[in-house]
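Subject: Structure handover

Hello,

Here is the structure I said I would pass on. My notes on it follow below.

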Amino acid sequence: MGKVYVFDHPLIQHKLTYIRDAKTGTKEFRELVDEVASLMAFEITRDLPLMEVDVDTPVTTAKSKVLAGKKLGIIPILRAGLGMVDGILKLIPAAKVGHVGLYRDPKTLQPVEYYVKLPSDVEERDFIVVDPMLATGGSAVEAINSLKKRGAKNIKFMCLIAAPEGVDVVKEAHPDVDIFIAALDEKLNDHGYIVPGLGDAGDRLYGTK
């Protein structure tokens with residue numbers, strides 16, 4: 001059964017305050033999202049397997065540990081998820097990056113896949129799907145569906161801010177997926193926005209309306 005992790009690290013919570021602030025401009029907002037993604041990546045990679053190697057220090061030969069070569073993939077949900085990718089790559093630069101593009105059908109209001117590009121060795125990789133917001137949960141569920149349809153076995157979902165309703169939707173649709181959140185907010189409003197939230201992450205990242 002997948003677990004939900006809410007990060008309470010002081011640096012994450014401090015930076016999240018400025019991400020929420022409506023007065024924070026595009027440049028600073030983008031930098032803060034990047035920084036929080038790096039801090040979250042530090043936590044989300046805690047269980048990566050290690051192997052022991054011999055290393056020659058300036059003094060002697062020592063046994064030390066390196067990553068055991070686990071293949072990772074980062075999958076941003078377009079477009080807002082792109083704002084979190086570089087922050088993760090700073091810590092794990094060998095990870096491959098795929099993309100999932102979704103749009104909302106104007107009649108059904110359900111997310112529809114329009115673009116998917118994944119690393120070729122899907123079945124061998126652990127994937128981290130990233131999106132700043134987990135609101136209704138529809139996009140996250142469909143993005144994870146897209147990966148599973150193509151053979152992905154091990155998937156985690158990472159976001160900055162989530163509504164309880166969205167968390168419940170993802171847990172029900174994908175009980176095997178762990179969810180990593182910087183802040184679990186109060187609720188969704190009548191327009192599907194997270195309260196208190198941070199507004200539209202894509203618009204704030206890219207200066208659009």
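Pro196 sits in the loop that runs between strand 13 (194-195) and helix 6 (201-206). The peptide bond leading into Pro196 from Val195 is cis, with omega near 0°. Please keep in mind that this is a predicted model.

The loop between strand 13 and helix 6 also holds Asp200. In UniProt, an unreviewed entry lists Ile194, Gly199, Asp200 and Ala201 under "binding site". Ile194, Gly199, Asp200 and Ala201 are also found in the lining of the largest pocket.

A second "binding site" annotation, again from an unreviewed UniProt entry, names Arg79, Arg104, Asp131, Pro132, Met133, Leu134, Ala135, Thr136, Gly137, Gly138, Ser139 and Asp200. The lining of the largest pocket includes Arg79, Arg104, Asp131, Pro132, Met133, Leu134, Ala135, Thr136, Gly137, Gly138, Ser139 and Asp200 from that list. Asp131 is placed in the loop between strand 8 (126-130) and strand 9 (133-134). Arg79 belongs to the loop between strand 4 (72-78) and helix 3. The bond joining Leu78 and Arg79 is a cis peptide bond, with omega at about 5°. For context, most peptide bonds are trans.

UniProt also carries the annotation "domain: Phosphoribosyltransferase" (unreviewed entry) for residues 6-208. The span of residues 6-208 is 33% helix and 32% strand, and its end C-alpha atoms are 29 Å apart.

Next, the helix pairs. Two packed helices are described by the angle between their axes and the distance between the axes.

Helix 1 (residues 10-20) packs on helix 2 at an angle of about 155°, and their axes are 10 Å apart. That angle makes helix 1 roughly antiparallel to helix 2, since angles over 145 degrees count as roughly antiparallel. Their crossing is left-handed. Helix 1 contributes Leu11, Ile12, Lys15, Tyr18 and Ile19 to the contact, and helix 2 contributes Phe29, Leu32, Val33, Glu35, Val36, Leu39 and Met40. By class, this contact of helix 1 with helix 2 has ten nonpolar residues, two charged and no polar ones.

Helix 2 (residues 26-44) also meets helix 3 (residues 82-89): the axes come within 7 Å and cross at roughly 50°. Helix 2 is therefore oblique to helix 3. The crossing of helix 2 and helix 3 is right-handed. On the helix 2 side the contact is made by Val33, Asp34, Ala37, Ser38 and Ala41, and on the helix 3 side by Gly83, Met84, Asp86, Gly87 and Ile88. The residues of the contact of helix 2 with helix 3 divide into five nonpolar, three polar and two charged. Val33 appears in the contact with helix 1 and in the contact with helix 3.

Helix 4 (residues 138-149) and helix 5 (residues 164-173) have axes 8 Å apart and pack at an angle of about 25°. This makes helix 4 roughly parallel to helix 5, because angles under 35 degrees count as roughly parallel. Helix 4 passes helix 5 in a right-handed crossing. Ala140, Val141 and Ile144 of helix 4 meet Val169, Val170 and Ala173 of helix 5. The contact of helix 4 with helix 5 has six nonpolar residues, with no polar and no charged ones.

Regards

Conventions
Residues numbered from 1 in each chain as written. Predicted model: local features only at pLDDT ≥ 70, side-chain atom pairs only at ≥ 80, totals over all residues. Heavy atoms only, no water. Axes fitted to C-alpha atoms, helices over the stretch in contact; angles between N-to-C directions. Helix = DSSP H or I, 4+ residues; strand = E, 2+ residues; numbered from the N terminus. Parallel < 35°, antiparallel > 145°, perpendicular 65-115°, else oblique. Left-handed = near helix turned anticlockwise from the far one by under 90°. Contact = heavy atoms within 4.5 Å. Nonpolar A, V, L, I, M, F, W, Y, C, P; charged D, E, K, R; others polar. UniProt positions renumbered as here; feature names shortened; annotations may be inferred. 1 Å grid on protein atoms, 1.4 Å probe; cavity = no way out; pocket = protein on both sides within 12 Å on 5 of 7 lines; lining within 4 Å.
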